[in-house]
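Colleague: I'm new to this one and would like a guided reading. Could you take me through it feature by feature, with the general idea before each case?

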Amino acid sequence: MTMLKELAAELIGMFFAEKWLTVAVLGLIAVTGSLVDFTGVDRLVAGAFLLLGSLLLLVASVCHAARPRTH
Amino acid sequence: MPPWSTAAPAISAAFFASLVEVVEAFTIVLAVATLRGWRPAALGTAGGLGVLACIVLLLGPVLDRIPITSLQLGIGILLLLFGMGWLRKASLRAAGIIPLHDEDAIFAAEAAELSEYRRGHSESLNWIAGVTALKAVLLEGLEVVFIVIAVGAGRGLLVPAGLGALAACALVLTAGVLAHRPLSRVPENSLKFGVGVMLSAFGVFWTGEGLGIAWPGQDLALLLFATLFLGAGLIGSAFARRLSVEFA
């Protein structure tokens, strides 16, 4: 039972280790999907939005983690 | 056979990711073998590999039934989350914000834990040692299984990606048996950085394709994405180093 719990924790940790980054990436994908499906935006523009957004989120997440905690 | 521009990134991502994970599992299996002999270590490893094989055999047929665009979108999202997580951690380790993975320290800690247990429970220690090896192989192997499926499933590259992972296992086992000590000289963080770059690039690529975006240059776009993620990881690392110095 303990091993199953560890297995489940490992699986969850693989994709959702950093809460802030996970939520931001999922939000970015949702917005990109909405751009493609519900607006007249060119699909390539939506693709560029997804790519650049991911790059920015990565840099922001690394910098966020490097700042000292205030609490 | 898919074009080399598609196959090479998938195989190399599977190979290098497996290299990192197998080195980590090997450290713990070696600690078990050093303290209790190769029997519990080998049995635990075989048990872990058996469970992983069952997971692959169960997942394989399920994946075949999922429409390709849904599969690309689902795997792309998971790859993006997983790859960016690795890249973020590798950037922070490169910047010195979080400590590097130390195989020697992990080996010592695992050996100490088993030695401590030996004092009062000598009868059941072989069982505990075997379970420790099984757990290490299973937990580290899960990531390998995911990466092989993720980079291979979308384009019929499961076998080449699997072979890349097997090659990494063979390399680590050979090096480990020859050295007979934790493989602490493997540049683990650089490998993790590189794999994080490739997985993130695959993540954006598959997610985009799953959403109906046709990338210009098709598979060659992966190279551009990988270059951009490499740059972003390095920039993030440099910023993080500066921030940590400013606030120190």
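Modeller: Start with contacts: two residues are in contact if their C-beta atoms, placed from the backbone, lie within 7 Å. In chain B, among contacts between residues at least 6 apart in sequence, 86% join residues at least 24 apart. Keep in mind that this is a predicted model, where local features need pLDDT of at least 70, side-chain atom pairs count only at pLDDT 80 or more, and totals for chains, interfaces and linings use all residues. As for labels, residues are numbered from 1 along each chain as its sequence is written, while chains are lettered from A and ligands numbered from 1 in the order in which they are written.

Colleague: Which helices and strands does chain B have?

Modeller: Helices (H or I, at least four residues) and strands (E, at least two) are DSSP runs, numbered from the N terminus. Chain B has eight helices and zero strands, so its pattern along the sequence reads α-α-α-α-α-α-α-α. The radius of gyration is taken over C-alpha atoms, and the globule rule is 2.2 Å times the number of residues to the power 0.38. For the 248 residues of chain B the rule gives 18 Å; the radius of gyration is 20 Å, close to that, so chain B is as compact as a globular protein of that length. Its C-alpha atoms fill a box of roughly 65 × 55 × 30 Å along the principal axes.

Colleague: And what does chain A look like by the same reading?

Modeller: Chain A has three helices and zero strands, running α-α-α from the N terminus on. Its radius of gyration is 16 Å, well over the 11 Å that the globule rule gives for 71 residues, so chain A is more spread out than a compact globule. The C-alpha trace of chain A spans about 50 × 35 × 15 Å along its principal axes.

Colleague: How do I read burial, and what part of each chain is buried?

Modeller: Count neighbours: a residue is buried if 20 or more other C-beta atoms lie within 10 Å of its own, exposed if 12 or fewer, and partly exposed in between, with C-beta atoms placed from the backbone. Of the 71 residues of chain A, 25% count as buried. In chain B, buried residues make up 48% of the 248.

Colleague: Can you show me that on single residues?

Modeller: Try B:Ile28, in helix H1 of chain B. B:Ile28 has 27 other C-beta atoms within 10 Å, so it is buried. Leaving aside neighbours within four places in sequence, B:Ile28 is in contact with B:Glu110, B:Thr132, B:Ala133 and B:Ala136. B:Ile28 and B:Phe107 are 79 residues apart in sequence, yet 6.2 Å apart in space, C-alpha to C-alpha.

Colleague: Is B:Gln218 buried or partly exposed?

Modeller: B:Gln218 has 13 C-beta neighbours inside 10 Å, so it counts as partly exposed. B:Gln218 lies in the loop between H7 and H8 of chain B, and its phi is near 45 degrees, a positive value in a residue other than glycine.

Colleague: What about the nonpolar core?

Modeller: In soluble globular proteins, nonpolar side chains tend to be buried together. A nonpolar core here is a set of buried Ala, Val, Leu, Ile, Met, Phe, Trp, Tyr and Cys residues joined through C-beta atoms within 7 Å. The largest one has 88 residues, and those with the most contacts inside it include B:Ala13, B:Val29 and B:Ala201. The elements giving two or more residues to this core include H2 and H3 of chain A and helix H7 (188–210) of chain B. H1(B) gives the most, with 20 residues.

Colleague: How many residues does each chain bring to the contact between them?

Modeller: Chain A brings 33 residues and chain B brings 41. H3(A) gives the most to chain A's side, with 15 residues. That side divides into 22 nonpolar, six polar and five charged residues (Ala, Val, Leu, Ile, Met, Phe, Trp, Tyr, Cys and Pro count as nonpolar, Asp, Glu, Lys and Arg as charged, and the others, Gly among them, as polar).

Colleague: Last one: what are the confidence scores?

Modeller: The model scores ipTM 0.89 and pTM 0.81. Residue by residue, pLDDT is the predictor's confidence, from 0 to 100. Chain A has a mean pLDDT of 86, and chain B has a mean of 83. Among the elements of chain A, H1(A) has the lowest mean (75) and H3(A) the highest (94).
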